[in-house]
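Here are my notes on the model, set out as numbered points. They take up the enclosed spaces and then the layout of one chain.

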Amino acid sequence: MKPSLNWVGKRVKRIDGPEKVTGELKYMTDYHFENMVWGKVLRAKYPYARIHSIQTEKARQLPGVICVLTHEDIPGFNGFGIVIPDQPVLASDIVRCTGDAVALVAAETQEIAEQALRLIEVDYELLEAITDAELAMSSSAPKLHPDGNIHSHVKIINGDTDAAFKEADIIIENTFYSPRQMHAFIETEGGWGVMDDEGLITIRCPGQYAYRDRMQIARALAYNPELIRVISSPIGGAFGGKDEITVQIYLALLAMYTNGRPVKIHLSREESVIAGIKRHPFKVQMRTAAKKDGTLLANEVRAVADTGAYASLGGAVIALAIEHSCGPYKIPNVNLEGFCVYTNNGISGAFRGFGVNQVCIGIETHLDMIAEQLELDPVEIRKKNVYHQGDISSMGHVVKTSVGTFKTLEIAENCDLWKNRSQFKKEVSEPWKKRGVALATSFHGIGMGIGLPDYGAASIELLPNGKFLVAVGCEEIGGGNGTTYAQIAAEILNCDISKIKVVQGDTSKTLDGGTVTASRSTYTGGRAVAAAAPKMIKLLTSAAAEILQVPLSDIIVQRDCLTAKEESLTYKAIYEYLYIHHKPAKVEGHFLLPKEKVEIKGSGGAPHHLYGYLTHVVMVEVDTLTGETDVLRVVSIPDAGKVINPQGLEGQAEGGAVMGIGYTLYEDVIIEEGFHKTKNFTDYIIPTIRETPVIETFPVEDAEQTGPFGAKGIGEVVMIPIIPAIMSAIYDATGARIYHLPATPERIFNALKDVKNKMPNIQGDKNDE
Amino acid sequence: MLISEMDIITPQTVNDCLLILSKKETEHRIIAGGTDAVVRMKEGKWLPSTWINIKGLKELRYIKEINGTIHIGPLITHTDIIHSSLLQKKANILVEAAREVGAIQMQNMGTIGGNIGTASPAGDTIPALYVLNAAVELQSLHNKRLIPINLLFTGPGRTVIKPNEMITNIIIQPQTENEIGIFQKLGPRKAQSISIVNVAIMLSMAKDRECLGGKIAFGSVAPTIIRAKKCEALLPLNPLTDDIIENIAKIAWKEVMPITDGRATAEYRRDMASALLERGLYRLMRRWERK
């Protein structure tokens, strides 16, 4: 790329910053309309039960109730789900979790709607809930779905693990348990639905893929998708939790019965906890073999993911987990197996990291254990085993795209925190506190794997005021991708960024450009904008040549204008010319993501063509009296390819680090016998500013040739290696290993007790189960 | 009872309020800061036909020193406590405890009277009030009584306050020159958390680490706040060296009878009673030596 860039790579302020900071921006669930009605969802009373009947008469008769809907009122297909539509819109014969929707109500006030819910009589026959994934897999367990309880099974075998384990000098084996993390977005699921006289249904509901939401709505309503408009941006946080349908279909159904009045649903936090999607809890068994010099020989993994009552993206999550289960290393012999299993525990689905978080803790902990036993430096053992661009990964495929791991490790070992760690570790504030420093590295696929079409699209339109409207399907999820699109457009169009307006996530205004998931929106949306912008230049220069009546070759694209010899044309003048002559002022850019050609057998979509890499270094301080752990410092070293906006990257790196701290130390949605013990933010503990450490971000810019200006993606990996890094830092501080997250004060305290009791024989590979 | 059908009455004086409380025909409840009441209402647990809103009763919002005691009006907010120079100087343990209550917003809205009335075994200001020898004044239309804080609570969420009574004053003994106090809290995180265990410690010191006596009150380890009398008895026996502190702290787990709940197991709470006492005494001695 050219050395001098005006916008790309610069600390450009968020274009949506001021309105967000001042609170001027209204999210979709903030709106109230005068003639609006309230929608409410009746959730299942039990985690697993048969429905014999649903009586709605009493509810319908309550004054102020506009409609009460059950499965009988669904015009189309009673189901949804991104991969397989196994989740009923409204339950008819059976409920499989307490998040299941049984009926919908629209009423004049929220209170009346809630009263109406209490008047709906559902005759349930209780069934014994299956709440343990391993039990659900056994042949004796009742089948929650027709095909049984194993929703998906992936298996990757490469090399000969049996032989490798025989020749190994060291073998480490452990089992790791990870929590059911909640996205905890500030805006709970909700939105608006309205149907006009012409039959056009408009759904305003934050989501991560408006076009797919529209198809899922259309399928349930048996309705022409062209007559459904979905507005899905801006989003008050999603992190994967709004990838699947949340309330869009309920809104559309109710809108058909409210006589043209807008209907609003906005889940309370308590309902969001029960009905919203969560991160899959995993059990990961891992056995790793190495040679005396630290060379990794073999890895065996068995991972079981609890997807809850419905699949959503569970199959893809377990596939991605297995693809990433050996870390960014070249291990010649692997035997990897993953199961995605139905239970009656809520629903799990997409969440930042998408299965990689859960397996990363295994391989990274094992690397540290091997390094310790062999007296190797944690950086050295990683450097020794990482794959480089062109190497063969543990999956057995040649990694053709950029790989920044080695560089991130070099920066890690030279950063202040790592180099001076022995000094920092001494600076404890009180004698019973102990400090530890550790690092870990990980990676994350960008875009969809093999088997899923992956494309980007964007349009650029010249507006009457001489500004450009850049339209991208990918929603503004909070990360600032709109600013990225504006930077790329301004860079190529050679205009000031104030000339760029961005619209996102609206099926009436943006082209279908895929999801805002899979760390793909900068890469894919950016590439699509970069594909559209030259076409706009062409449109502008052709018009300018016509206006000035000079050959096309005389037109020069200057900053904010076009010139030929002495004459200069503003964008506004060009628009006026186009308008008068009925010429189009809009261009489109389309982009198909590069893919790997050959799928790894049994992998469910691996490998990805592109990966983002990251190394974290952390320092923790453990209060050995109580087990309380503080993360004091974090160094985040992402390989994001070319950084489009350093400020945006730091935002991702810092937010990701805090989310990783929450996952490691605090967060878990507790479900017992199918019922939620965790109710809301009183008992679901997320980090506050007082738990937020100093976070430094040092990007490695290993440019990716296929990306816009060399960019890759970073949205997910920013929260991953910090998890095992904190676990290892706790060990470095205290000698206590944690295998069961979150590492609450109580779990750490108990692990410390175990260490004390087992003295002097600390070196056990046994688990705390 | 639907929330939209509830009444709210805002009495202008304490007497007006007591008059309303004396009438039995309506089912009423007092609301001040609302940090507990609104949550209970949302959960459907408290649905009175009438809320008596006392938040604006200025005559119940005071902090003053009278005859060697400090009187605190029940409508004093946690933020008022934190900002009171009198309390900072003479009851700083209460200031420390108030700082640990929930979020800043809750400190702004929540009142000390409400914290007492809610009677949570995990309430943060209550252990501090125990070691400050607090007495709570309860008034009804025709009567006034003063209840020592340790006799006010009958169980979790329950007190001896009668339906026609309200808290009108909280009287504490100020800390003397040689008294030092500390509040220690263990929650699931540092900010905005409900205590897993908390403890208020007040020591009367002679020279160096010689302790003349002290009071220790634990929260969240029994149905109500409890005093650790055995530990207290050990305080004056030996100078409070780090070793002695560890030994005294080890006794604490015998004085508590916690339960397992969503925040922690009973076993952990027991261990933490000792841990917090050890940490608190250690920190107090550091403070004392710097004084």
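**Cavities and domain layout**

1. In this predicted model, a search over the whole structure returns 6 cavities of 30 Å³ or more, and the two points that follow take up the largest and the second largest of them.

2. The largest cavity holds about 190 Å³ of space. Its lining is made up of 19 residues, and those closest to the centre of the cavity are A:Gln87, A:Ile245, A:Thr246, A:Ala275 and A:Gly276. Sorted by class, the lining of this largest cavity comprises 10 nonpolar, 5 polar and 4 charged residues.

3. For the second largest cavity the computed volume is about 70 Å³, and 15 residues form the lining, with A:Ile446, A:Met448, A:Pro594, A:Lys595 and A:His609 lying nearest the centre. The classes represented in the lining of the second largest cavity are 8 nonpolar, 4 polar and 3 charged residues.

4. Turning to chain B, the assignment splits the chain into domain 1 (3-53), domain 2 (58-172) and domain 3 (179-290). Taken over C-alpha atoms, the centres of domain 1 of chain B and domain 3 of chain B are separated by 37 Å.

5. An unreviewed UniProt entry lists residues 1-177 of chain B as "domain: FAD-binding PCMH-type", an annotation that I report here as it comes from the record. Within the model, the end C-alpha atoms of residues 1-177 of chain B lie 53 Å apart, and the span is 31% helix and 24% strand.

Definitions and conventions
Residues numbered from 1 in each chain as written. Chains lettered and ligands numbered in written order. Predicted model: local features only at pLDDT ≥ 70, side-chain atom pairs only at ≥ 80, totals over all residues. Heavy atoms only, no water. Domains from an automatic or database assignment. UniProt positions renumbered as here; feature names shortened; annotations may be inferred. Helix = DSSP H or I, 4+ residues; strand = E, 2+ residues; numbered from the N terminus. 1 Å grid on protein atoms, 1.4 Å probe; cavity = no way out; pocket = protein on both sides within 12 Å on 5 of 7 lines; lining within 4 Å. Points joined across faces, edges and corners; volume = space filled by probe spheres on them. Nonpolar A, V, L, I, M, F, W, Y, C, P; charged D, E, K, R; others polar.
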